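User: Please take a close look at the side-chain contacts in this structure, with attention to the salt bridges. A connected explanation suited to a first-year student would be appreciated.

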Amino acid sequence: MTENFDLNRSRLTTSSNVGSPGKFIFLLTNCNLEKASIPFGPQFGDQFVQAGDDVATCFSSFSKEFPLFSTANRSKLCISSNGYITVDQPKTSAKASLTSSYPVLVPFNYDMRSLGNNILYRTTKDQNILNLVDRDISLLKSVSSFKSKEAIVVTYNNVPYYEIRNILFRYQVVIATDYKNTYTIFNYDRIDRSGYHNIGFSEPSACNKSINVRFNLTKSNLTTNSNVDVPGKFVFLLTKCNKVVVPTPPPEDMLKLECHSNGFEAGFSLKQLSVKTVPYSIRFSGNNNCSSVNKTSVGRIRNGRLWIGSNYTECVIKSSEENDNIVFVQKLILEYKAKRPVHSSPISFGYKVKCYLKRKVKEKMNLEVEDEIQNYPSINGTSNFQLELKMTRPDSDKEQQMVTIGDRLRFTLNLPNAPKDVKTSPQNCYATRIDGSGRYDLISNRCVSPNVKETTVITSLATSLNQFSWELSAFRYFGDSNTVVIVCEVLVCKNDAFWRLSEECKRCGQTSNRRKRRLNDEEENQAVVLQKRTVSSEPIYIIEKPQRQEQKARQKDNGAILKPTGIAIIAILATIVLVMGAVLIKKRL
């Protein structure tokens with residue numbers, strides 16, 4: 001608001017508007033009460049939209065009876081930093097569309113930036129606030145009577161244009177309902193630049209039609225125009241159906257799949273299973289020793305579902321490669337017994353389940369150390385050290401994820417950003433099956449294990465402080481296992497003088513020409529080993545590459561290969577990160 005007092009600057013000391021030369025009195029508050037926004041701020045329960053450009057924050061703290069806009073039972077409302085509001089799904093594009101496939105309310109739209117404290121929202125049933133809302137809605141001539149029961153208040157409080165911070169937008173949106181009709185109130189206070197000409201709302205698939213309404217407001221004078229004779233205020237009806245639509249919830253999915261790093265679980269809906277009134281059982285496809293489940297498997301029932309699961313290495317689960325993913329596939333068989341077994345066969349349904357595990361590796365192992373030394377300045381207190389273990393080829397720093405038998409591999413164990421006062425001493429590293437059974441030694445007592453002495457060599461210097469590496473030829477660690485875990489037993493030691501180090505804190509082959517002097521009692525009592533830890537990698541999956549049928553037959557005849565000269569595919573060291581689970585449902589056998 002701008003007002004010129006129209007004073008003659010050459011007569012300021014002699015003129016007046018109150019009869020006293022040099023004195024002027026003016027009213028600075030000149031706002032119509034009906035134009036004032038609904039009170040807002042944290043003291044009223046408001047929360048803030050997250051900070052950022054092109055961001056959205058969703059909330060669901062409103063009643064299921066609240067029609068948005070002609071449809072009740074909505075899941076969430078999402079507020080965009082760019083000025084518009086969507087229903088059920090967040091949108092962050094700079095410009096909203098009134099012909100979109102999702103419900104959207106656009107009171108104003110421009111490319112704006114949330115500062116984390118200038119876009120506020122809340123749901124309210126406070127009667128004092130609802131009275132203010134009803135007062136504004138009653139200004140609309142088509143409204144004879146309306147008593148709101150719940151309201152949503154969204155305030156854009158001096159939100160800047162994303163490129164120029166002194167271009168600001170200040171307005172408020174109120175959405176109110178009596179659970180039969182829903183109205184919206186726009187209060188515009190400051191609009192420094194014309195936005196996109198798309199003020200309105202849309203609601204696809206409402207009452208068997210698509211609703212797209214453009215309010216046709218003049219974007220250049222939103223603060224001075226009105227449809228209720230109050231400058232800057234607009235009131236609109238959003239409910240366009242004769243009756244509020246209450247969507248019928250979709251039937252519960254028969255199958256829910258949960259993928260984990262070492263196996264999966266599939267949960268069958270008890271409600272869907274009981275549709276047929278005959279006994280049923282669920283099992284894995286193929287000949288295997290995995291047990292089946294049925295409605296009497298009480299220990300397998302939770303959250304209204306009957307669960308069956310397995311590790312990826314069991315129950316004839318097949319594995320393959322797909323881009324950067326390892327894919328595990330198996331079919332589950334749901335079988336209903338026939339009502340008349342003598343005359344008919346059981347009814348069976350097959351459900352193919354897939355789990356995708358990402359093979360891209362960043363960190364391989366983690367080691368956390370709590371220091372126990374209180375008089376060692378550089379490592380005093382509690383520190384967190386992270387050991388990283390990666391596998392590469394000897395001539396490359398690129399991490400490898402799949403190699404073939406006989407390839408040379410380098411394993412590097414590193415403690416990045418470690419202080420010079422600390423050194424690591426790997427004691428033993430070995431491979432074990434995913435269930436913890438079996439042990440295949442790679443590093444024993446800080447040196448190469450006799451098991452792999454002919455094909456393995458330590459490549460790091462014996463004097464290295466925080467890096468340890470070795471090379472070996474790739475092979476399958478266990479002939480009967482497709483999955484292994486690498487376990488390393490590591491000491492974190494004080495990097496003290498060589499003659500003071502205990503044998504376990506020295507590297508393999510580390511020697512010194514200096515003579516060891518005798519320690520006094522105080523020195524003997526000072527600990528050199530700061531911490532002993534055993535750390536494990538995530539599961540390592542051995543993926544078979546496609547082979548000709550005769551190779552497969554030969555492999556079957558020869559049995560499992562235990563040595564590096566075998567024909568099986570290698571194990572790779574990797575932290576397997578779960579990215580998604582997919583279910584292919586209901587293919588009638």
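Analyst: A residue is called buried when its relative accessible area is under 20%, exposed when that value is over 50%, and partly exposed in between. The model considered here is a predicted one. With a relative accessible area of 27%, Asp 88 therefore falls in the partly exposed class. Its salt-bridge partner is Arg 74, with a nitrogen-to-oxygen distance of 3.3 Å. This pair links distant parts of the chain, 14 residues apart: Arg 74 is found in the loop between strand S3 (56-59) and strand S4 (77-80), while Asp 88 is found in the loop between strand S5 (85-87) and strand S6 (104-106). Arg 74 has a relative accessible area of 10% and is therefore buried.

A second salt bridge joins Asp 189 and Arg 170, whose closest N and O atoms are 3.1 Å apart. Because Asp 189 belongs to strand S11 (residues 182-191) and Arg 170 to strand S10 (residues 168-177), the pair ties together parts that are 19 residues apart in sequence. Asp 189 is partly exposed, at 45% relative accessibility, and Arg 170 is also partly exposed, with a relative accessible area of 26%.

A third example is Arg 439, which forms a salt bridge with Asp 441, the closest N and O atoms lying 2.7 Å apart. Arg 439 has a relative accessible area of 42%, so it counts as partly exposed. Salt bridges that share partners also connect Arg 74, Asp 88 and Glu 203 in one network. In total, the count of salt bridges comes to 14.

Arg 439 has a further contact: it lies over the face of Tyr 430, at 3.7 Å from the ring centre. In another contact with a ring, the charged end of Lys 276 sits over Tyr 336, 5.8 Å from the ring centre.

Rings also pair with one another, and a search of the whole structure finds 27 aromatic pairs. One of them, formed by Phe 59 and Phe 62, is edge-to-face, with 6.2 Å from centre to centre and 90 degrees between the planes. Both Phe 59 and Phe 62 are buried. The pair of Phe 215 and Phe 236 is stacked, because the ring centres are 3.7 Å apart and the planes are at 5 degrees. This pair links distant parts of the chain, 21 residues apart, with Phe 215 in the loop between strand S13 (209-214) and strand S14 (233-237) and Phe 236 in strand S14. Both Phe 215 and Phe 236 are buried.

Note on methods:
Residues numbered from 1 in each chain as written. Predicted model: local features only at pLDDT ≥ 70, side-chain atom pairs only at ≥ 80, totals over all residues. Heavy atoms only, no water. Phe/Tyr/Trp six-rings, centres within 6.5 Å; stacked < 30°, edge-to-face > 60°. Buried < 20%, exposed > 50% of the residue type's maximum accessible area, 1.4 Å probe, protein only. Helix = DSSP H or I, 4+ residues; strand = E, 2+ residues; numbered from the N terminus. Lys NZ or Arg CZ within 6 Å of the ring centre and 35° of its normal. Salt bridge = Lys/Arg side-chain N within 4 Å of Asp/Glu carboxyl O.
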